[in-house]
Amino acid sequence: MSKELIRLRNVSMAFDDELVLNNINLYINDKEFLTLLGPSGCGKTTTLRMIGGFATPTSGDVLFDGVRINDVPPHQRQINTVFQKYALFPHLNVFENIAFGLRMQRRPDPADPRKKTKIPEEEIRERVIEMLEIISLKGFENRRPDALSGGQQQRVAIARALVNKPKVLLLDEPLGALDLKLRKDMQIELKRIQQQVGITFIYVTHDQEEALTMSDTIVVMDKGSIQQIGTPEDIYNEPKNAFVADFIGESNILDGVMHEDYVVEFFNRKFKCLDKGFAPMESVDVVIRPEDIDIVPQEKGQLRGTVTSVTFKGVHYDTIVDFKGFKWLIQTTDYHPEGETIGIVLNPDDIHIMRKSEYSGMFGDYSSYSEEYEEIGGFDGAEEAAREAGHEE
Ligand SMILES: Nc1ncnc2c1ncn2[C@@H]1O[C@H](COP(=O)(O)OP(=O)(O)OP(=O)(O)O)[C@@H](O)[C@H]1O
Ligand SMILES: [Mg+2]
């Protein structure tokens with residue numbers, strides 16, 4: 001898992017003087033499931049095409065096993081690609097679709113290595129059957145593509161790309177054409193196939209949930225640059241900037257000031273947090289995930305606000321709460337009706353601090369900020385808040 005297989009070193013790509021990839025540095029380990037995630041136009045497909053050999057970087061290097069492969073054509077790389085439009089051959093059955101690449105192949109003849117020979121029919125049969133087992137489509141070998149569901153067709157496309165035993169499979173939004181339920185099934189199926197075959201998958205999507213479900217490593221991109229590389233947990237729990245925090249799930253993002261290590265101020269009050277290493281009084285972005293916020297009776301809250309809308313989402317309610325003009329999204333399984341005044345409690349690990357970036361102020365705001373925030377509690381949390389609230393009454 002830890003051996004490096006592919007590296008992009010200082011890779012940039014320009015089309016007509018327009019920079020679409022800006023100094024990409026990335027390595028991909030053998031047997032890793034790595035996902036390039038980002039909005040439309042951020043450069044995901046271009047990155048994948050450079051790894052596959054369909055595009056050459058304007059500057060920088062693509063390395064495979066430590067060897068520069070910038071100029072190696074696609075068919076000489078140990079890399080195969082599955083595209084979103086996975087055109088299967090309509091006139092060939094499932095077996096022949098998968099066998100196609102093997103039938104085309106010529107390799108040195110064991111009897112006379114100077115000569116090239118076809119792969120024997122028996123071996124083709126074995127390898128196709130093995131693939132059918134991997135994609136759970138045994139018994140389907142005689143079906144034509146038009147007699148398969150979308151998900152089954154996609155699995156055949158994957159088998160066709162895997163049968164040549166590449167070291168790396170590139171997948172560019174391969175589930176884009178499928179409906180939501182099928183997509184979710186196929187996500188699990190793809191992950192299983194990757195683990196069973198034991199090769200590297202480089203996967204492109206703009207769907208954050210898909211990336212979180214399948215990946216060992218996620219590379220978040222925007223505007224031709226890598227914003228963050230990490231495990232799904234890293235990316236979700238420790239986003240580097242407001243772009244990542246917003247792109248991966250819902251986030252309330254507030255302006256804050258780091259007073260000292262582990263102490264942040266926002267909404268005119270101080271909170272304990274787990275972050276350190278900032279300059280004294282450094283301005284920061286504070287991320288609070290909607291599902292981390294505990295709603296408590298108003299007199300027990302560190303902050304107090306009024307519910308302005310509630311939307312039932314199946315598992316939870318999306319509850320918008322107005323804290324004197326600044327609206328937060330809170331996700332809770334308890335129903336709090338519109339108009340109710342509630343309290344909230346934030347524990348230190350519910351608060352995540354990010355450095356200011358070019359994305360500060362652009363995301364994570366469920367309304368506009370108001371200065372007139374009413375402070376109801378002290379630094380030490382709920383009990384003190386409750387005591388103070390008691391004084392007011
Ligand atoms: N051959 C090309 N000539 C000119 N510009 C291109 C070319 N290919 C890509 N681009 C531009 O490069 C940028 C990145 O494109 P790319 O296809 O890599 O984005 P993407 O992240 O895959 O987006 P999507 O999610 O929409 O597929 C875009 O602005 C696109 O218009
Ligand atoms: Mg693309």
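Two residues count as being in contact here if their C-beta atoms, placed from the backbone, lie within 7 Å. The legends below describe close-up views of a predicted model.

**View 1. Contact of helices H4 and H5.** Under that cut-off, Gly-150, Gly-151, Gln-154, Ile-158 and Leu-162 in H4 meet Leu-182, Asp-185, Met-186, Ile-193 and Val-197 in H5. Sorted by class, the residues of this contact comprise 6 nonpolar, 3 polar and 1 charged. H4 packs with helix H5, which spans residues 180–197, at an angle of about 20°, and the two axes are 11 Å apart. Because of that angle, H4 is described as roughly parallel to H5, and the crossing of the two helices is right-handed.

**View 2. Contact of helices H2 and H4.** Helix H2 (residues 94–104) packs with helix H4 (residues 150–162) at an angle of about 30°, their axes being 7 Å apart. The angle therefore makes H2 roughly parallel to H4, and H2 passes H4 in a right-handed crossing. On the H2 side the contact involves Val-94, Asn-97, Ile-98, Phe-100 and Gly-101, which meet Val-156, Ala-159 and Arg-160 in H4. By class, the residues of the contact of H2 with H4 divide into 5 nonpolar, 2 polar and 1 charged.

**View 3. The six-stranded sheet and helix H4.** An open sheet is formed by 6 strands in the order S6-S9-S10-S3-S11-S12, and the pairing within the sheet is mixed. Strand S6 (79–82) and strand S12 (225–230) are the edge strands, each of which pairs on one side only. From one strand to the next, the twist averages 20°. Within the sheet, strand S3 (residues 33–37) and strand S11 (residues 217–222) run parallel and are joined by 4 bridges; Thr-35 has Ile-218 in S11 as its bridge partner. Helix H4 lies across S6 and strand S9 (168–172), and runs at about 165° to S6.

**View 4. The four-stranded sheet and helix H1.** In this open sheet, 4 strands follow the order S2-S1-S4-S5 with antiparallel pairing. Strand S2 (18–29) and strand S5 (67–68) stand at the edges with a single partner strand each, so one side of each is left without a neighbour in the sheet. Strand S1 (residues 4–15) runs antiparallel to S2 and is joined to S2 by 8 bridges, with Ile-28 in S2 as the bridge partner of Ile-6. Helix H1 lies across S1, S2 and strand S4 (59–64), and runs at about 60° to S2.

**View 5. The surroundings of ligand 1.** The residues that surround ligand 1 are Phe-15, Val-20, Gly-38, Ser-40, Gly-41, Cys-42, Gly-43, Lys-44, Thr-45, Thr-46 and His-206. Helix H1 (residues 44–52) supplies 3 residues, the largest share of this shell. By class, the shell around ligand 1 has 3 nonpolar, 7 polar and 1 charged residues.

**View 6. Strand S13 and its two partners.** Strand S13 (residues 252–260) pairs with strand S16 (residues 282–288) in the antiparallel sense over 7 bridges, and S13 also runs antiparallel to strand S14 (residues 263–266), to which 3 bridges join S13. Val-257 can be followed to both neighbours, since its bridge partner in S16 is Ser-283, while in S14 Val-257 stands opposite Glu-265. The hairpin of S13 and S14 has 2 residues between the strands, and Tyr-262 there takes a positive phi near 70°.

**View 7. Strand S18 with strands S19 and S21.** Strand S18 (residues 303–312) runs antiparallel to strand S21 (residues 341–345), and 4 bridges join the pair; the bridge partner of Gly-305 in S21 is Ile-342. S18 is joined to strand S19 (residues 317–323) by 6 bridges, and these strands also run antiparallel. Asp-322 in S19 is the bridge partner of Thr-306. S18 and S19 form a hairpin with 4 residues between them, and in the turn Gly-314 has a positive phi of about 95°.

Methods. Residues numbered from 1 in each chain as written. Chains lettered and ligands numbered in written order. Predicted model: local features only at pLDDT ≥ 70, side-chain atom pairs only at ≥ 80, totals over all residues. Axes fitted to C-alpha atoms, helices over the stretch in contact; angles between N-to-C directions. Parallel < 35°, antiparallel > 145°, perpendicular 65-115°, else oblique. Left-handed = near helix turned anticlockwise from the far one by under 90°. Nonpolar A, V, L, I, M, F, W, Y, C, P; charged D, E, K, R; others polar. Near = placed C-beta within 6 Å. Pairing = 2+ DSSP bridges.
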